[in-house]
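Here's a quick briefing to read alongside the sequence and the 3D view. Take a look at the picture before you go through the points below.

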Amino acid sequence: MSGNGSYGTSWADQWDHNPDPSPAADYNKKTSGGGMAGKYGKKMGEGFGKTKEVAATGAKKVKQGTSVGLQWIKDKYHKTTQKH
């Protein structure tokens, strides 16, 4: 998109003359634990654990189903190529 005449500057760079805040300043801010992070952090952690368990169970089921399906195909192939 170099043909739009911006010469490498974005819209924000052209119209916002204030310096950008440092990302390290936001990272170093400490919370007292009484906000949303303290209130919902534990529940979110539990939710991610449950999600991981469900994903692992789903992956096992997919693997097992694939294995059964491939075995069924192999059995069908062997039955058609087998001569009595």
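A residue is called buried when its relative accessible area is under 20%, exposed when it is over 50%, and partly exposed in between. Keep in mind that you're looking at a predicted model. By that cut-off, just 1% of the chain's 84 residues are buried.

**Overall layout**
- The chain has three helices and zero strands.
- Going along the sequence, you'd write the pattern as α-α-α.

**Surface**
- About 8500 Å² of the chain is exposed, and 61% of that comes from carbon and sulfur atoms.
- Which residues form a nonpolar patch on the surface? They're Tyr40, Met44 and Phe48, and together they have about 340 Å² of accessible area.

**A closer look at Tyr40**
- You'll find Tyr40 in helix α3.
- Tyr40 counts as partly exposed because its relative accessibility is 37%, and partly exposed covers what falls between the 20% and 50% cut-offs.

**How confident is the predictor?**
- The average pLDDT for the chain is 76, with 62% of the residues scoring at least 70.
- Where is confidence lowest, and where is it highest? The low point is helix α2 (residues 23-27), with a mean of 61. The high point is helix α3 (residues 36-81), at 86.
- That high-scoring helix α3 is also where Tyr40 sits.

Key: Residues are numbered from 1 along each chain as its sequence is written. This is a predicted model: local features need pLDDT of at least 70, side-chain atom pairs count only at pLDDT 80 or more; totals for chains, interfaces and linings use all residues. Side-chain values use heavy atoms; hydrogens and water are left out. Helices (H or I, at least four residues) and strands (E, at least two) are DSSP runs, numbered from the N terminus. Buried means under 20% relative accessible area, exposed over 50%, partly exposed in between (1.4 Å probe, protein chains only). Accessible areas come from the Shrake-Rupley method with a 1.4 Å probe; for residues, only the protein chains shown count as cover. pLDDT is the predictor's confidence in each residue, from 0 to 100. Patches are made of residues with over 30% relative accessible area and no salt bridge: like charges are joined within 9 Å, nonpolar side chains (Val, Leu, Ile, Met, Phe, Trp, Tyr) within 5 Å. A salt bridge is a side-chain nitrogen of Lys or Arg within 4 Å of a carboxyl oxygen of Asp or Glu.
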